[in-house]
Amino acid sequence: MSSPLAASSASCMLFDKVLIANRGEIAERIQRACRDLGLKTVAVCSEADREAPYGKTADSFLCIGPSSAAKSYLNKDAILLAARLTGAEAIHPGYGFLSENAAFAQAVEEAGLVFIGPDSKSMATMGDKISAKKAMIEAGVPCVPGPDTALPDDPSKVEQIALEIGYPVIIKASGGGGGRGMRVVPEAGLLQDAVALTREEARQAFGSPALYMEKFLQHPRHIEIQVLCDSHGNAVWLGHRDCSMQRRHQKVVEEAPAPGIAPEIIGPVGAACVKACQQIGYRGVGTFEFLYEDDAFYFIEMNTRLQVEHPVTELTSGLDIVQEQIKAAQGISLIMTQADVQCAGHSFECRINAEDPESFMPSVGTITDISLPQGEGIRVDTHIHAGYRVSPYYDSLIAKVIVHAPTRAQAMEKMRKALADTRIDGISTNIPFLRALFEDSAFATGETDIHYLEQWLKQRSKP
Ligand code: ADP
C-alpha cells in the first residue's frame, strides 16, 4: 500500500510505544498496524481476556481490571496508570469503549500523552449532536430538515417546530448514541408525551435533557463518507460506504462503494465533509454518517473514531487507514491530494457474531474448531482461534470476513464462497443467516433501505 502521509514537518510528535485501550479483533488490528510502522505496543486486558492472542505478541501485556467493562476497558484511571507503568507515549482507543469520550481524550492530553484520534475539543463539538449539526450547516453539509437548536420547554413552541418540519418527526437526545434516545412521532396528538418521555430518558441515560427535532425520513439508506485529516489543515475523503443492512440500528453487512450513486451527487457532499473537517480543525480519521433518500443526502452524525467497517474502504482505496490514523496523530503531514484518491472495485464486510442465527441471542462457550476462508481478495480480521473462550461480558462480534473484487456481483459471489468456507464449531454464530442473506435477490440488486433487513427477517420467520 502506498502512503499518503509523509514526515516533513518540525511539529511531529513521533512516539514509539502505543497502548491499545481495547480488546478483540480491533486490538489485534491496531497491533498489526503498529508493528508494520515499527512501533512497540502495550496490550491491556480484563480478567476475562487474559488469554487474548494479541497479549502474547505485544511488547507489554497488563491486566487492568475485572471482567466487567465498566471496571476495565472503561476505567480511565487504570488505562492511564498502565500507560505510565509501561512508558507508552500514545493511546489508541479503537472503537466503542472510550473511543468517543472527550473527557478521556482530554485526560490523555493532560497526562502528556498523545490520543490517537481528534483533539478533545473537536471530539466534544461532534459528540454533541446539536453542536455537530450547527457545525455541519456552517460548513455547507446537507442536514435533515429541522432546527440546529435544542427544543424549548414551551409546549406550544415545540408544536410549532413540528408543524414547520411536517409529520412524521423524530425527537432525538443531543447526547444520545448507540441507537438510543430517539422517538418517532407520526402525528401531532402524540408529540408532547413523546417529548416528555425522551427528555426523561436523555436525562437518565446521557446526563443531559437536551433534545432536538428533525424530519423522520421513511425509506432512507445509510451512507457514510470516510475522511482522513492531518493536524496541518490537510484533509481528503476516501470514498463512501453503504451500511443500510441493519438490525435494531446495528450494522450487519457493509459495502464500499455505496451502489448506484452518481459521482456528481456524492462529490459535493464529500467536498463539504472535507471543508467541515478543516473548519473544526479535525485530526485523524472520521466518518460522516448520512441518510440518503430520493437522491439527497442528510447528515445525521459524525463518528470521531475508527469504525468497525473501515476495511471495506481499505480494500477499495488501497490505504491502510489505521496506519494513516496513527501517523496523523504523530503530526505527520498528508501529502496526498483528493485527485490522488483512487477507489477501485467493490468490497463487502460481514460481521461474524457469536449469536444464535435465528433468535440473535448471544452465544458463549469455547471454540472447539475453526476454519477461516483464504484466497485472493479475501481478508479476515479476528482474534479467535480453536480453544478461544467467548465470554458473556462484551459485544458478540468475533470476526469480520471482508472480500474485494472488480465488480459488486463478483464481490457478492466471492463473499458467498468465503462464507461457505467459514466454519466455527463449539458456539453458535450468525454465519447461516449471512449465507441466506447473500442469496437474497433484492440485496443482490442493491440499493435496499435501512428497513429492508428487518422486513426480510419478518418474512422469513412466517410459517
Ligand atoms: P446513534 O448515535 O444513536 O447511532 P443516529 O443519529 O446515528 O443515532 O441514528 C441511528 C439510526 O436511527 C439511523 O441509522 C437511522 O436508522 C435512524 N434515524 C436517525 N435519524 C433519523 C431520521 N431523521 N429519519 C429516519 N431515521 C433516522
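Me: A cavity is a set of grid points, taken over the protein atoms alone, where a 1.4 Å probe fits but cannot get out, and its volume is the space filled by probe spheres set on those points. What volume does the second largest cavity have?

Reply: In this predicted model, the second largest cavity has a volume of about 40 Å³. The structure holds two cavities of 30 Å³ or more, and about 80 Å³ of space lies in the largest cavity.

Me: Which residues line the second largest cavity, and which elements each supply at least two of them?

Reply: A lining residue must have an atom within 4 Å of a point of the cavity, and the residues on this list are Lys 129, Ala 132, Lys 133, Tyr 212, Glu 214, Phe 299, Ile 300 and Glu 301. At least two residues each come from α6 (129-138), β9 and β14. By class, the lining of the second largest cavity divides into four nonpolar, no polar and four charged residues; Tyr is counted as nonpolar here.

Me: What makes the approach of Lys 129 to the ligand a polar contact?

Reply: A polar contact needs a pair of N or O atoms within 3.5 Å, and a polar side-chain atom of Lys 129 lies 2.9 Å from an oxygen atom of the ligand, so the pair meets the cut-off. Lys 172 places a polar side-chain atom 2.8 Å from a nitrogen atom of the ligand, and an N or O atom in the side chain of Glu 301 is 2.9 Å from a ligand oxygen atom, so these two pairs also qualify. Of the 550 Å² of accessible area that the ligand has on its own, the protein covers 93%. Two or more residues of the shell around the ligand come from each of β7 (169-173), β9 (211-215), β13 (284-293) and β14 (296-303).

Me: Why does the ligand lie between domain 2 (145-215) and domain 3 (221-461)?

Reply: The ligand lies between them because both domains give residues to the shell around it. That shell has 21 residues, the closest being Lys 172, Gly 179, Lys 215, Leu 217 and Glu 301. By class, eight residues of the shell are nonpolar, six are polar and seven are charged.

Me: Which element gives the largest share of the lining of the largest cavity?

Reply: The largest share, four residues, comes from β11. The lining of the largest cavity includes Asp 242, Cys 243, Ser 244 and Met 245, along with Arg 408 and Phe 443. The elements that give two or more residues to this lining are β11 (235-247) and β12 (250-256). Its classes are five nonpolar, three polar and four charged.

Me: How many charged residues does the lining of the second largest pocket have?

Reply: The lining of the second largest pocket has no charged residues, with ten nonpolar and six polar. About 200 Å³ of space lies in this pocket. It is lined by 16 residues, of which Gly 239, His 240, Pro 257, Ile 266 and Cys 343 are the closest to its centre.

Me: How do you know that the peptide bond from Ala 256 to Pro 257 is cis?

Reply: For that bond omega is near -5 degrees, and Pro 257 lies in the loop between β12 and α9. A cis peptide bond also joins Tyr 167 and Pro 168, with omega about -5 degrees, and Pro 168 lies in the loop between α7 (155-165) and β7.

Definitions and conventions:
Residues numbered from 1 in each chain as written. Predicted model: local features only at pLDDT ≥ 70, side-chain atom pairs only at ≥ 80, totals over all residues. Heavy atoms only, no water. Near = heavy atom within 4 Å. Polar contact = N/O pair within 3.5 Å; in protein donor to acceptor, adjacent residues only side chain to side chain. Areas by Shrake-Rupley, 256 points an atom, 1.4 Å probe, with all protein chains shown as cover. Domains from an automatic or database assignment. 1 Å grid on protein atoms, 1.4 Å probe; cavity = no way out; pocket = protein on both sides within 12 Å on 5 of 7 lines; lining within 4 Å.
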